[in-house]
Amino acid sequence: MEKKYLLNDIVAAMESGELQAYYQPQYNAKQGVIGGAEALVRWVKKDGTVVLPKDFIPILEEAGQLSLVDWFVVEDACKTIKQLGDRAVRISVNFGREHAGDGQFIEKLNRLVESYGIDKYYLGVEITESDVAADKEKVMNWVHDIEQAGYMVSIDDFGSGMSSMSFVKDVPARILKIDRSFLNDNCLTEKGKITLESVFYFAHRLNLITVVEGVETQEQLQFINTCDCDYIQGFIFSEPVPKGDFITMCVDEAPVEIKTTDPFDDQSAVFEQVRILIESVYKKFPVIKFANLSKNSYTFMRRENFLNSAIPETGTYDDCLRSVVDMTVPESKDEIEKAFNRKSLLDAYAAGKKRVLRIANQIDEHGNVHKVAIEDYFMENPRSKDVYIVSFLQSLDFEDGTYV
Ligand code: C2E
Ligand code: MG
Ligand code: MG
């Protein structure tokens with residue numbers, strides 16, 4: 001890289017107050033309100049020219065001086081949080097991995113937070129994915145300590161470098177910032193959309209809060225909104241702005257408009273469609289059970305009714321059936337046992353049946369009777385010869401003769 005600036009110029013700029021923290025808001029993807037921000041350093045020269053970090057950070061880094069900037073920015077973030085008062089949102093600050101070797105790191109953060117009298121909750125730490133990958137063990141421990149101390153850590157630029165899901169899964173950070181390289185295709189190609197959707201799925205399965213970086217276009221925004229993203233940081237809503245402007249934006253509380261599209265309008269929003277499909281299945285069937293008939297085992301995927309206390313989460317299929325029969329009214333016990341015992345089900349499967357269905361009355365722990373349909377579907381697993389069932393229980397209670 002051509003060096004446009006000398007270290008001395010930058011240090012002088014820092015000393016004369018030309019370095020400033022800018023703030024880029026992160027918007028709540030559903031409500032369009034500011035839900036957080038990232039503090040980003042700028043060199044604002046006397047003549048008003050704004051120099052971007054890429055033109056001076058590498059020089060500072062090489063000279064081992066970058067941490068000075070980071071501490072300057074974090075202090076400014078604390079002041080901003082203080083100034084925002086009850087309008088405060090979490091502001092995250094970038095820290096390079098050289099801080100991982102600073103035994104005083106957390107103490108320094110604590111001291112700043114205390115001296116400005118702000119809540120730790122509002123100060124976040126961003127660590128780039130490549131830094132985690134470069135020295136996994138050390139950075140991982142550092143992240144752990146920061147989180148333990150009560151600050152939220154974000155993994156920055158996820159997907160941009162050489163590291164991968166396997167790194168992220170072990171890092172005890174709570175926020176994943178998804179790199180803008182995932183948006184290069186403007187969210188218009190099938191492969192691009194599937195990849196992005198999978199990243200969100202992965203993040204949510206790990207209970208990570210998601211922030212997507214670099215959103216610039218309506219096409220990107222619309223697709224991201226089918227992915228269940230939490231926060232959006234990008235030029236589409238706002239560039240990084242000087243502190244005064246940021247404070248005005250937070251205090252004004254003027255929500256940006258987010259046009260949402262139905263996930264059904266986009267054939268490739270498959271994950272979101274599947275999620276909605278599963279939610280609808282849950283609405284119809286308060287109890288869904290998986291069982292392996294060959295191995296005599298079961299597990300509940302979903303259970304939200306009077307069975308809750310009567311049957312354990314998992315166990316042997318035979319015991320589960322016994323509990324179901326126990327709950328059935330006396331006149332139907334025999335029928336239910338005969339229809340759903342493992343031998344009968346396996347025979348039905350061998351005879352080519354797709355499912356076994358019975359309607360029965362069951363008694364809950366308060367003695368109330370519920371009419372239910374029990375429907376077992378035979379399922380095969382290409383990797384095993386075992387016979388599975390997915391069992392749906394549907395409530396058929398009637399009110400005023402109407403099926404509810
Ligand atoms: P980063 O932490 O990933 O910050 C996000 C960068 O993406 C910022 O660039 C931001 O201006 C840019 N960005 C945000 N939305 C969009 C968008 O919609 N389109 C495009 N094209 N870009 C967008 P910036 O401020 O130039 O910072 C670049 C990098 O420099 C940061 O990447 C961060 O790694 C580093 N950096 C910035 N400030 C600091 C600092 O105070 N300390 C340290 N250690 N690093 C910093
Ligand atoms: Mg960052
Ligand atoms: Mg980033």
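Trainee: What radius of gyration does the chain have, set against a compact globule of 404 residues?
Mentor: This is a predicted model: local features need pLDDT of at least 70, side-chain atom pairs count only at pLDDT 80 or more, and totals for chains, interfaces and linings use all residues. Residues are numbered from 1 along each chain as its sequence is written, chains are lettered from A and ligands numbered from 1 in the order written, and side-chain values use heavy atoms, leaving out hydrogens and water. A compact globule of 404 residues would come out near 22 Å (C-alpha atoms; 2.2 Å times the number of residues to the power 0.38). The chain instead has 28 Å.

Trainee: What does the C-alpha trace span along its principal axes?
Mentor: The chain holds 14 helices and 18 strands (DSSP runs numbered from the N terminus: H or I of at least four residues, E of at least two). Along the principal axes, its C-alpha trace spans about 90 × 45 × 45 Å.

Trainee: Which residues come nearest to ligand 1?
Mentor: Ligand 1 has 22 residues around it (a heavy atom within 4 Å). By class, nine are nonpolar, four polar and nine charged (nonpolar: Ala, Val, Leu, Ile, Met, Phe, Trp, Tyr, Cys, Pro; charged: Asp, Glu, Lys, Arg; polar: the others, Gly among them). The nearest are Arg42, Asp70, Asp156, Glu216 and Phe235.

Trainee: Which element gives the most to the shell around ligand 1?
Mentor: β2 (34–44), α3 (66–84) and β6 (152–158) each supply at least two shell residues. With four residues, the one that gives the most is β2.

Trainee: How far is a nitrogen atom of ligand 1 from an N or O atom in the side chain of Asp70?
Mentor: Take the oxygen atoms of ligand 1 as well: one is 2.9 Å from a side-chain N or O atom of Asn94, and one is 2.7 Å from a polar backbone atom of Phe235. For the nitrogen and the Asp70 side chain, the distance is 2.5 Å.

Trainee: How much of the accessible area of ligand 1 does the protein cover?
Mentor: On its own, ligand 1 has 800 Å² of accessible area (Shrake-Rupley, 1.4 Å probe). The part covered by the protein is 83%.

Trainee: In which loop is Asn296, a residue other than glycine with positive phi, found?
Mentor: Glu253 also has a positive phi, near 50°, and lies between α10 (243–252) and α11 (270–284). Phi of Asn296 is near 60°. Its loop runs between β11 (287–292) and β12 (297–303).

Methods:
A polar contact is a pair of N or O atoms within 3.5 Å; within protein, one must be able to donate a hydrogen and the other to accept it, and residues adjacent in sequence count only if both atoms are side-chain atoms.
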